[in-house]
Structures are given as structure tokens and as C-alpha cells.
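Colleague: Please take a close look at the nonpolar core of this chain. I would like to know what it is built from and how far the model can be relied on.

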Amino acid sequence: MEKWKLVSLILVLIIIVETIAFVLLYKPAPAPAALPPPPTRYDQISQADLVRYALQEGVALSYGMPPGWAHYGIAWKTFTELYGIQHSDTDMGSAVVVATLEAAKGHPDADVADLAIPYAIKAAQENLTDCYIPPHFDAVPGVFKDPNGCWIAPYYGTIAFVVNVDYLKARGVPIPKSWKDLLNPVYKGMIVYQDPTKTATGLITIIAAAYANGGDINNWRPGLDFIKKLHEIGNIKYVPPLVPTADYQKGEVPILINFDYNGLTYKYSPGFPNTEVIIPEDGTVSRAGAMIIARGGPHPFAARLFFNFIMSDLGSLLITLAFAKPSRTDYTPPAFIQQLFPPAQAYAKAVPIDERALSKVLQDVSNAWQSEVLPIASAIMPGFKASLGDPLEKDPSLKINPYLLQKALPLIEEYVKNMKVAGSANTALPGLLVNTGLMLPAISLILLDVEKLGKLV
């Protein structure tokens, strides 16, 4: 028995000695260095350091940037493949974004968000955004940015006529070239535009018609009167709350008033009617979508890296692949994309919307349409109802034409190589596009989410 007591005592002493030795000799792994305060300008930090800090965060979270929203879908996929930073989105409308940021009181779940500019202005005024100047900021027109970088619009589109050419041709009807042309009785029951009480596109349609009829954003009455006249003479077919992509694809919409990027997507996608996109020669408007960095977001460096990315030549290229136009005036899209747009001179009378002015009149325009035009629409179209709600929800968009994406591969490869040099000087990037050099296989991963075949042009 004494023997076992002695053995037990020895074992206890050994354990005590080992424990003391462990405590004395153990050196814990150094904690990750605390991140510095995020910059307010891109030139306050090297791209390599920005990438390094963003990689420590590892994730970028967004509001209102769903994969189906074409330029963001492909942009986030490329961003992830390039830098190895994962992305997750919570889709919500502009008003909900602002309400969510307000409720979070500086501790939101997201880092960046896409929302209509009037709501971006509101968020900035309420100190819900981080101000950040990304690259090429000076090349963005003043109507498309906050002067302090509290929001920026990376892309825009122009209100156009999206025309089913074969439908009109079969009936001997000419393609309309101007708003005035739409008053021709030959277009009876052929014109579709979106509900101004439900969508930004519907509201902007009225503003565009105002510019073509002697008005402007502050004098929008000529536009409302014009749209009212189209209803009175029976030229309006119906007024949907969303882009009627399925109806257009089935050939049920002869003339759609909508953004050029939607019309061009139809034009160059398989399974759609023979389409022409007309920029009205008597005037129209262009309108942008805004992007913000949420104040107090969990991944501020990843947010800034994405801003740098979307404003880069690569980000601008990806925007043009969705037929939107980058807001940067110092970026020229490649010729193979430019030739697909209406000629540059067609946009000569397209006026960029002053969003600050729009925010002051949009409710009046919506109310006037509801009180003056809706009764006529309801009388002509039995059962028609306007859906009331957030008037600035984003419109859905088709995915990027894969033919164009494949055509753009050499440019994408060049941009990625340049970004690798800028971003990996002091950092080992995990992104597939950077490290493997297998550009085509990497892009093929992106292509899995787009249509199988693009219409060759």
C-alpha cells in the first residue's frame, strides 16, 4: 500500500512540475494586430494594405445587391474570385435599407448597400453612411455623387422605347422615334410603362416625357399631361408594377417605355423578339443608382476594397456587360460593347436627373398620377389597380449575356493582372483568379450562373 502512495505522490509531483514548466515556458501566439481606422480616401492607404486588412475581415455583407441584379451579381462573383473575400446579400428596397440602418444605430449587419439616390442622400444626412472617396471619384459628374463621398452612383441608364420590331412591321406600323410619335392613333393599345406609384421607372418616365414637352424636373406637369393624353386616346395597353420581361418575351408588349439597359438585354438575349432600342429624339433623362458604405459596418476595409473594385476599369467593364453605363467619364467601354448601344449622338438630349430636385417632387408626381391618370386607366382597363408602396424599388434585370462575357475575357485577364500587381505586393491573395492563372476555368465558374448562349452580333 505504501508503495502505491509513493507512486501516486511521484505522479502528482511530476504533474505539478510539468504544469509549472508549461506556465513558465508557454508563449501564446500573438493576437492579430488591431486594424487601424479605415481611410476616408483611397490614396490614404496602399492597395496592398487595403487588401491585407480586408482579408483579415474575410467577408463583405450587403443590402439590396442580389445576384439577379446583373452588374452586382457578376461583380461580386469576380470580387470573390479575385480576392477570396466571401459575400452575402440581404435583398431589400431603398426605404427598408434606410430604416434598417436607422434601427441599427451605427452597428448594422451590412457593409455596403445599393439604393436610390434620394434615399442615399437621406442616409447621408442622417449620418448613416461612411464617407469614402474611391478611385476615379473626380471623373464622376456631380449629379452622381455626394461631394464628400458619402454616396456615389457607379452606373446609370436612360429612358428609351423598347420596340418589338416584328410586331409593328406585321401591322405596317412605323417604329416611333419621339414622344410625339407615340400620340399617333396607330399605336392604340400598344404602349406599356411602369406604375409610377410603385416604381422609380414609372416616375422617371413622367419626368422624361416632361423634358420632351417643354418641361423639366421642377416643371413636371407637361410630362404628366402627356402620359394622361396617351391614356385618354387609348394608346396605353397596361401599367405593370414590375418590368414585364415575361410578357415582352412572349411578344405581348409592342412598345415598352423603360431603361435602355433592359431593352438592350432583351435585344441581345436568345428567345426574345426582334428588338430595337430607341432613345427618343425629342428628349429623355438618364438616372443612376447609388452605393453607400454603412457607418459602423462590421467589415469597413472589405467595403472600401469593393468600392475601389467597382470603380476600377474592371468594375466599369462588368457594368457595361450588363448594358448599364459607368458613371465615370474617364472610362471608354470596349468597341465590341459600344457598337451594341444606340449611337452616341442619340443620347445628346438625355438629361442626367438631379436627384436632389427629384426627391422634392417625387411624391407630388406620384400623387398626381394616382389622382388624375389612374381613374382614366381604370376606366379604360377594367380591373386595373395601382400597387402602392416604396416608389423607388429597383427594377429586376436579366443576367449578363455570356457571349459578351466571353468576348471580354482578354480585357478581364489584363485588368486582373494589373490588380494583382497593385494588391499583392505585400499580401498573398487567395483568390482563384489571382493565384492559379487559370483564367478561363475561373470565368467558367462565373458563367454557370448566366444563360447558356448569347446572340452573336
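Modeller: The accessible areas used here come from the Shrake-Rupley method with a 1.4 Å probe. By that method the chain exposes about 19600 Å², and carbon and sulfur atoms supply 59% of this area. The model is a predicted one.

As for the interior, buried residues make up 54% of the 457 residues in the chain. The largest nonpolar core has 123 residues. Within this core, Y83, W179, F306, F309 and W369 touch the most other members. Helix α14, which covers residues 355-380, gives the most to the core, with nine residues.

W179 can be followed further. Leaving aside its neighbours within four places in sequence, W179 is in contact with residues including I159, F161, F226, I257 and P280. T205, A208, A209 and A212 are also among its contacts, as are D282 and G283. A second core, separate from the largest one, has eight residues, among them V162, V243, V253 and Y266.

Across the chain, 79% of the contacts between residues at least 6 apart in sequence join residues at least 24 apart. The chain has 18 helices and 12 strands.

On reliability, the mean pLDDT of the chain is 83, and 79% of its residues reach 70 or more. Among the elements, strand β9 (residues 275-278) has the highest mean pLDDT, 98, and helix α18 (residues 439-447) the lowest, 43. Over residues 435-457 the pLDDT is below 50, although this stretch has 45 contacts in the model beyond near neighbours in sequence. Where pLDDT is low, the predicted coordinates should not be read in detail.

How values were computed:
Residues numbered from 1 in each chain as written. Predicted model: local features only at pLDDT ≥ 70, side-chain atom pairs only at ≥ 80, totals over all residues. Heavy atoms only, no water. pLDDT = per-residue confidence, 0-100. Helix = DSSP H or I, 4+ residues; strand = E, 2+ residues; numbered from the N terminus. Contact = heavy atoms within 4.5 Å. Buried < 20%, exposed > 50% of the residue type's maximum accessible area, 1.4 Å probe, protein only. Core = buried A, V, L, I, M, F, W, Y, C linked by side-chain atoms within 4.5 Å.
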